[in-house]
Amino acid sequence: MKETFRQSMAWLHTWSGLVLGWLLYFMFVTGTAGYLDTEIDRWMQPELPVAETSSVDEQQAVQSGLSRLNQKAPDADRWFIALPQDRNNPYLLTFWSGADGNTGNNVLDMASGEPLTTRDSHGGQLLYQMHWKLHYLPRIFTNWFITFVTMFMFIAIITGIIIHKNIFKDFFTFRPAKGQRSWLDAHNLMSVLSLPFQLMITYSGLIFMMFIVMPVMIAAFYGGDNGRDKFFEEIFPDSVQIEKADQPASLTALNPLLTTAESHWGENAVGYVEINHPGDAHARVTISGKAGQGPIRNSPKLIFDGVSGELLDEIPAKTSATRATRDVFLGLHEGLFAGPFLRVLYLLSGLMGTLMIATGLILWTRKRRPRLDKKRPGLAKGVDLVERLNIGTIIGLPIAIGAYFWANRLLPLEMAGRAEWEAHVMFIVWLLMLMHAALRPLRRGWLEQLSVASGVFLLLPVVNALTTDRHLGQSLPAGDWVFAGFDLSMLVLGFVFMAIAIKLKNNKTITAKNFSRHKLA
Amino acid sequence: MILNLQIFLTTFIGMSILALSMRRHAQHLPSKISQRLNHRRLVSLAGWTALSMALYLCIAHHGISTGWVLWFGHLTAAALSVAFLLSYQAKLIMRLVIMAILALSMTYII
């Protein structure tokens with residue numbers, strides 16, 4: 001037992017942060033990148049045109065989608081047409097799924113209704129989804145594992161607040177070039193200055209998983225097997241499904257339904273159209289409005305009979321205060337409601353959270369280096385292991401994500417399984433970086449990986465220019481801020497890694513020999 | 001866009017004043033000014049007033065939910081700017097606060 005409460009909390013903070021730090025770093029990096037998922041999607045599919053969301057002819061768009069679906073998947077069980085709306089939904093999309101489990105989707109050109117051919121890539125969506133699904137692991141494991149990790153993140157934040165003496169006095173304190181003191185100041189600054197965001201993002205992350213990790217709550221009130229279904233029907237009335245009738249009947253015209261939606265919600269207010277069991281007697285058409293303003297992004301829905309076109313049900317955007325409470329948390333976490341300036345602020349806080357974890361991991365090694373001596377060989381091995389994992393993850397993971405983007409430009413377009421291989425490249429490179437970190441002397445390991453990171457990001461716009469025509473020379477004059485912004489951000493990242501490498505190289509007090517003993521580093 | 005600039009300037013001024021109300025950070029200032037800051041409570045109050053004004057601007061223009069989120073975001077950015085300024089260019093702080101006040105007034109006049 002530790003002697004004081006503060007010492008116990010310090011122990012808990014250190015161990016939860018250390019053991020799970022690298023995974024938390026992965027979640028923060030993919031989460032921050034995932035916040036830009038639609039922009040990354042578009043950069044990774046340069047065949048897509050610049051998105052047009054301002055002047056959308058709803059009826060024409062839906063008809064285009066419908067004719068495409070009729071052509072491609074007439075026997076599907078579910079059709080979905082998403083209209084171009086905003087930054088998060090820039091294109092006209094069709095999606096279908098069959099009873100046999102087959103699915104398919106297309107991006108359609110707004111003018112002609114023809115599908116746009118793009119390279120096979122999972123884009124930014126995959127990075128975003130890795131944030132909670134990780135990769136290569138079964139969902140049944142990752143659901144629980146991620147929740148466990150997030151819970152300890154929450155504990156790490158709270159214990160961090162508890163053990164921070166003088167949290168108010170230290171608020172603006174950052175003393176550079178003072179070794180371990182500077183690392184602690186940096187760790188404190190990153191955490192405390194973005195504390196409201198960190199508390200929100202962690203707690204809301206837990207809320208996402210609540211139905212999975214707290215099933216007993218539902219069972220207690222709704223009973224065992226069917227109770228869970230009943231609960232979800234009550235909370236999400238728009239998800240109620242009707243069985244297929246297995247009697248063919250033609251789908252009603254959709255234009256009158258869209259007109260009804262317009263009379264309820266006004267012009268240009270349709271978000272998507274969903275058709276369940278098209279061509280069947282029990283067909284249902286659900287028309288959903290656009291996402292609401294503010295963190296609660298629920299939209300109202302109109303449910304029509306798919307054969308007669310009769311309006312069966314209207315589900316308002318706000319259903320219950322209980323659900324709204326959850327939706328606020330989820331909306332805050334996803335941050336989709338944010339306008340352009342607030343998005344930058346969200347990104348800033350996300351980056352600060354990532355640096356909070358990185359500085360914490362580095363601080364752990366710096367603190368223990370001076371204590372290394374021959375009597376504690378175990379500690380030396382532990383510090384060495386942590387330091388190498390730090391190099392391979394803190395710098396190695398960004399390199400791997402850079403490699404994901406390089407693969408997107410360099411893998412052959414006609415390659416089978418191309419989308420999966422972009423991800424394989426990312427993880428192979430990460431593994432290589434971890435191996436490099438395991439084998440090189442520590443100071444060289446940091447310098448070399450920082451240089452590689454710098455190169456990977458600085459050269460990416462060049463690779464873009466060599467393999468597509470949507471490079472900075474084209475995107476900047478055209479005002480295509482998705483492409484220009486991406487390339488410019490890669491340059492900024494490259495310069496940041498370069499600056500850090502130069503700073504480390506020039507730091508004369510740290511040499512290769514004293515790197516693992518140096519007290520001031 | 002102007003609104004975001006106004007909010008950021010207000011939070012920057014607020015955070016700077018709060019920083020300078022602390023003994024630890026006021027030592028960068030010439031002694032005439034740091035003596036005036038001996039009325040620490042008053043100075044802190046001025047700082048918090050500025051931050052509250054920023055909160056009002058956020059909620060008035062963006063509604064309750066988005067307003068609070070925007071305010072916290074600005075606070076983070078402003079506090080980070082002040083912290084880095086204090087570490088690397090402390091002497092600039094007073095000058096920047098005055099420039100911020102001037103810029104803020106101009107956005108209201110124009």
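Is A:Arg284 buried or exposed, and what is its relative accessible area? A:Arg284 is buried, at a relative accessible area of 18%. Keep in mind for every view below that this is a predicted model.

**Figure 1. A salt bridge between two strands of chain A, A:Arg284 to A:Asp305.** The two side chains meet with N and O 3.7 Å apart. This pair ties together distant parts of the chain: A:Arg284 sits in strand β5 (residues 284-289) of chain A and A:Asp305 in strand β6 (residues 301-305) of chain A, 21 residues apart. A:Asp305 counts as buried because its relative accessibility is 15%, under the 20% cut-off. Over all chains, the structure holds 14 salt bridges.

**Figure 2. A salt bridge inside helix α12 of chain A.** Here A:Asp327 pairs up with A:Arg323, with the closest N and O atoms 3.3 Å apart. About one helical turn separates the partners, because they are four residues apart in helix α12 (residues 321-334) of chain A. Both A:Asp327 and A:Arg323 are buried.

**Figure 3. A small network of salt bridges around A:Arg369.** The side chains of A:Glu387 and A:Arg369 come together in a salt bridge, 2.6 Å from N to O. A:Glu387 belongs to helix α14 of chain A, while A:Arg369 is in the loop between α13 (340-368) and α14 of chain A; the pair is 18 residues apart and links distant parts of the chain. Both of these residues are buried. Through shared partners, salt bridges join A:Arg366, A:Arg369 and A:Glu387 into one network.

**Figure 4. The surroundings of A:Arg470.** This arginine is in the loop between α16 (442-467) and α17 (472-478) of chain A. A:Arg470 counts as buried because its relative accessibility is 9%. A polar atom of its side chain lies 2.4 Å from the backbone oxygen of A:Leu48, and the side chain of A:Arg470 also makes a polar contact with that of A:Asp480, at 2.7 Å. Leaving aside residues up to four places away in sequence, A:Arg470 touches several others, including A:Pro46, A:Pro49, A:Val50, A:Phe483 and A:Asp487.

**Figure 5. Helix α2 of chain A, tucked in by the rest of the structure.** Eight of the eight residues of this helix (residues 37-44) are buried, so the helix is largely enclosed. Charged side chains are on the buried list too: A:Asp37, A:Glu39, A:Asp41 and A:Arg42 are among its members, and so are A:Ile40, A:Trp43 and A:Met44.

**Figure 6. A:Phe405 in the largest nonpolar core.** The core holds 114 residues, and A:Phe172, A:Tyr346, A:Phe405 and A:Met426 touch the most other members. Helix α14 (residues 377-410) of chain A gives the largest share of this core, 13 residues. Not counting residues up to four places away in sequence, A:Phe405 touches A:Ile40, A:Trp43 and A:Met44, along with A:Leu127, A:Leu460, A:Phe486 and A:Met490. Another core of 23 residues lies apart from it, with A:Trp96, A:Leu108, A:Ile275 and A:Leu302 among its residues.

**Figure 7. Where chain B meets chain A.** In this view, 25 residues of chain B are in contact with 24 residues of chain A. The two chains bury about 2000 Å² between them, with carbon and sulfur atoms giving 78% of that area. There is one salt bridge between the chains, in which the side chains of B:Arg24 and A:Asp170 meet at 2.8 Å, N to O. On the chain B side, α1 (2-20), α2 (23-26) and α5 (64-88) each supply at least two residues, and α5(B) gives the largest share, 17 residues. The touching residues of chain B split into 16 nonpolar, eight polar and one charged.

Note on methods: Residues numbered from 1 in each chain as written. Chains lettered and ligands numbered in written order. Predicted model: local features only at pLDDT ≥ 70, side-chain atom pairs only at ≥ 80, totals over all residues. Heavy atoms only, no water. Contact = heavy atoms within 4.5 Å. Buried area = accessible area lost by both parts, 1.4 Å probe. Salt bridge = Lys/Arg side-chain N within 4 Å of Asp/Glu carboxyl O. Nonpolar A, V, L, I, M, F, W, Y, C, P; charged D, E, K, R; others polar. Core = buried A, V, L, I, M, F, W, Y, C linked by side-chain atoms within 4.5 Å. Buried < 20%, exposed > 50% of the residue type's maximum accessible area, 1.4 Å probe, protein only. Polar contact = N/O pair within 3.5 Å; in protein donor to acceptor, adjacent residues only side chain to side chain.
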